[in-house]
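Student: Could we go through this one together? I'd like to learn how the terms get checked.

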Amino acid sequence: MGVINYRATAEFLHRAEIEKREVTRITADYPDMTVEDAYRVQEELVSMKRQHGHRIVGPKMGLTSQVKMKQMNVEEPIYGYIFDYMVVPDGGTITMHELIHPKVEAEIAFILRTEIEGPGISGAQVLAATEYVVPALEIIDSRYENFRFTLPDVIADNASSSRVVFGSRLTRADHLELDLVGVTLSVNGDIKDFGAGAAVLGHPANSVAMLANMLARKGKKLNEGDIILTGGVTGAVRLVAGDTVSARLDGLGEVGFKIA
Ligand code: 0L1
Ligand code: MG
């Protein structure tokens, strides 16, 4: 439908998040929107959040599992940004009225000791630049009706980012074989899904490497101290009020929260 108004489109998605309202996907108005256009909308959204005083905790990778990539018919994952207002303490409570239609997935997060600047970054270089790894639960909450979107829609919507809970135990990345780390995701004591670190692009460090290489195309890098979500080891499970969620990651510890 003509020339994309990046700022107005970002504002539309920003308002949907603030008002906790499902909206029609933006590609209904802009059917020719490309992935590049979508990242321009995301950049506007990120700068809008910063203007509102929010601070970036770190970038995140999404669609890193074969299952999600097949679902979306894509070969490359996507990235978005986690902000300080999204972080919930381990064992904390999230109220349903803060969210639209949340889902949760278990992830492994990396805390960087030094910056990483692509292109050409490998998983081994990421591990050398990593201070710690921690268990994480990511709550995704697409702003689109029924979680229905195309790839440009979800990129523009900051990769459905909404909340994140980091575990409190810090583990040195070189103490574990992260591809072999077993993960269970439980809701109200029942295991809803499980997997191994290898579900994330073969090894979660590969996800951070790919992120650094994708950011390099934009002249951006990963910064010292960034906390990076590498992508779901498990599938995403729908949440309702009253749920108690926990994840156990072999050698990394546990992380959990409640939905009120
Ligand atoms: O973190 C993620 O994998 C988000 C991917 C976005 C797709 C979705 O909302 O399911
Ligand atoms: Mg995720």
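Tutor: Sure, starting with burial: a residue is buried if 20 or more other C-beta atoms, placed from the backbone, lie within 10 Å of its own, exposed at 12 or fewer, and partly exposed in between. This is a predicted model, where local features need pLDDT of at least 70, side-chain atom pairs count only at pLDDT 80 or more, and totals for chains, interfaces and linings use all residues. Residues are numbered from 1 along each chain as its sequence is written, and chains are lettered from A and ligands numbered from 1 in the order written.

Student: How do you know that the residues reach pLDDT 70 or more?

Tutor: pLDDT is the predictor's confidence in each residue, from 0 to 100. Here 100% of the residues reach 70 or more, and the chain mean is 96. The model also scores ipTM 0.94 and pTM 0.96.

Student: Which residues of α6 are called buried?

Tutor: Pro204, Ala205, Asn206, Ser207, Val208, Ala209, Met210, Leu211 and Ala212 meet that cut-off. They pack against β1, β2, β5, α4 and β10, with contact meaning C-beta atoms, placed from the backbone, within 7 Å.

Student: What makes the span of helix α6 agree with its 13 residues?

Tutor: Helices here are DSSP runs of H or I with at least four residues, and strands are E runs of at least two, numbered from the N terminus. The expected span is 1.5 Å times one less than the number of residues. For α6 (residues 204-216) that gives 18 Å, and the end C-alpha atoms are 19 Å apart, so the two agree.

Student: Why are β4 and β9 said to stand at the edges?

Tutor: Two strands pair if DSSP finds at least two bridges between them. The open sheet runs β4-β13-β12-β8-β9, with mixed pairing. β4 and β9 each have a single partner strand, so one side of each lacks a neighbour in the sheet.

Student: What makes β8 and β9 a pair?

Tutor: They share six bridges, in the antiparallel sense, which passes the cut-off of at least two. For instance, Val183 has Gly195 in β9 as its bridge partner, while Val187 has Asp190. β8 is also joined to β12 by five bridges, again antiparallel, and there Val187 stands opposite Val245.

Student: What does Asn188 do in the hairpin of β8 and β9?

Tutor: Asn188 takes a positive phi near 55°, in a hairpin with two residues between the strands.

Conventions. Two residues are in contact if their C-beta atoms, placed from the backbone, lie within 7 Å.
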